There are 2 protein chains.
Amino acid sequence: MKPGGPYGDVYVLRLGHRRERDKRVTTHVALVARAFGATGFVLEGVCDEGVVESVKGVVARWGGPFTVECGVSGRRYVRMWREGGGEVVHLTMYGVNVDDAVPAIAASPRRKLVVVGAEKVERFYYDEADWNVSVGTQPHSEVAALAIFLDRLFRGEWRFIDYSGGFLRVMESPRGKRVERKG
Amino acid sequence: MKPGGPYGDVYVLRLGHRRERDKRVTTHVALVARAFGATGFVLEGVCDEGVVESVKGVVARWGGPFTVECGVSGRRYVRMWREGGGEVVHLTMYGVNVDDAVPAIAASPRRKLVVVGAEKVERFYYDEADWNVSVGTQPHSEVAALAIFLDRLFRGEWRFIDYSGGFLRVMESPRGKRVERKG
């Protein structure tokens, strides 16, 4: 598959990021977005260079396409996305189970914005989302929730993405560490 | 299913944790272990109370069984696990693809130790593991890799785990936040 699969664009909007405290987890959210088939990452509120530069570095070395934006208003972004004809999926442990929700989400051809909160998420997002989706009802991690959601949405086909650009590639191997330069 | 599924015990060993820098990511690793069906979490090297207390708090409120250990030698733990008849799965982006490796791992009834590194992992673990398993060949997150591995191992049935003890439970809902007290 190509990043975005049949939807053209699948973006991940990260809410409530706090510098320092969330730097590594938010970077993981962005890298999971890219590795599991999304086409863009949007950081609400701040432009944390630590996060943005890490993610851009991965795209430069490993390929894309993958867009990175930051410092936006989350509410405005969600409204804009919906006005542009896209749909909004909010990942929350309080939503509808991913395995029950994904068939309808996957069947809709609309561009998708996946909203991922840090701690408390405002009511606005529960109300404005087309879908509130839960990946299990136990507390765990937004990184894991995003990976499982995208895995289900793309039916595991993220594994076959051929990234363009970049110059590094890993070859699978039972014992080794085989990294090659492309081309 | 019950935590551990047909294997009795599935433990997650976290290597190379550094206080402060890795506190949140390591906590996510431990909570993902629990939520996706593992029965224990082992932190190599240090006893970071921030991590240990968070995880124990989740077990107290949301149920178990789920064991937490810390401050062990990773090498000794791996050797001990194998001597006790268990098998060792090392998650690394350089291994064999999860979808290719899991059928054989799942078919073996042995107790499983899943090894999850932070940054660089010593050669020892590549050599001693029964399986080096990769969740994609792109850089992303050990939190996501663990979630996908356990999801595949348990075929998505972690969703139906009924935890014992604890007093909180989330009810799925399309718009809401419904948390109930058990019992």
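**Figure 1. Glu20(B) is an exposed loop residue, with a relative accessible area of 66%.** Exposed stands for over 50% relative accessible area, buried for under 20%, and partly exposed for anything in between (1.4 Å probe, protein chains only). The model shown here is predicted: local features need pLDDT of at least 70, side-chain atom pairs count only at pLDDT 80 or more, and totals for chains, interfaces and linings use all residues. Residues are numbered from 1 along each chain as its sequence is written, chains are lettered from A and ligands numbered from 1 in the order in which they are written, and side-chain values use heavy atoms, with hydrogens and water left out. Glu20(B) sits in the loop that joins strand 1 to helix 1 (23-35) of chain B. Helices (H or I, at least four residues) and strands (E, at least two) are DSSP runs numbered from the N terminus. Although Glu20(B) is not a glycine, its phi is positive, at about 65°. Most residues other than glycine have a negative phi.

**Figure 2. Arg155(A) also has a positive phi without being a glycine, here near 50°.** Look for Arg155(A) in the loop between helix 6 (142-153) and strand 7 (168-171) of chain A. Arg155(A) is exposed, and its relative accessible area is 71%.

**Figure 3. Helix 3 of chain B (residues 74-83) has buried residues, namely Gly74(B), Tyr77(B), Val78(B) and Trp81(B).** These four cover an arc of only 100° around the axis, which puts them on the same side of the helix; the arc is that of the directions from the helix axis to the C-beta atoms. An α-helix has 3.6 residues a turn, so residues three or four places apart point the same way. What do the buried residues of helix 3 of chain B pack against? Their partners in chain B include strand 1 (10-14), strand 2 (40-44), strand 3 (67-72) and helix 5 (123-128). On the other side of this helix, Arg76(B) and Glu83(B) are exposed. Just past the helix, Gly85(B) takes a positive phi of about 95°.

**Figure 4. A cis peptide bond runs from Gly64(A) to Pro65(A), with omega near 5°.** Pro65(A) belongs to the loop between helix 2 (49-62) and strand 3 (67-72) of chain A. Chain B has a cis bond from Gly64(B) to Pro65(B), with omega near 5°, and Pro65(B) lies in the loop between helix 2 (49-62) and strand 3 of chain B. Most peptide bonds are trans.

**Figure 5. Ser173(A) is a buried loop residue, at 8% relative accessibility.** The loop in question links strand 7 and strand 8 (178-181) of chain A. Which residues are in contact with Ser173(A), leaving aside its neighbours within four places in sequence? They are Arg178(A), Tyr94(B), Gly95(B) and Val96(B), where contact means heavy atoms within 4.5 Å.

**Figure 6. Chain A as a whole holds six helices and eight strands.** Along the sequence, they follow the pattern β-α-β-α-β-α-β-α-β-α-β-α-β-β. Chain A has a radius of gyration of 16 Å, close to the 16 Å that the globule rule gives for 183 residues, so it is as compact as a globular protein of that length. This radius is taken over C-alpha atoms, and the rule is 2.2 Å times the number of residues to the power 0.38. Along the principal axes, the C-alpha atoms of chain A fill a box of roughly 45 × 35 × 35 Å. Of the 183 residues of chain A, 57% are buried.
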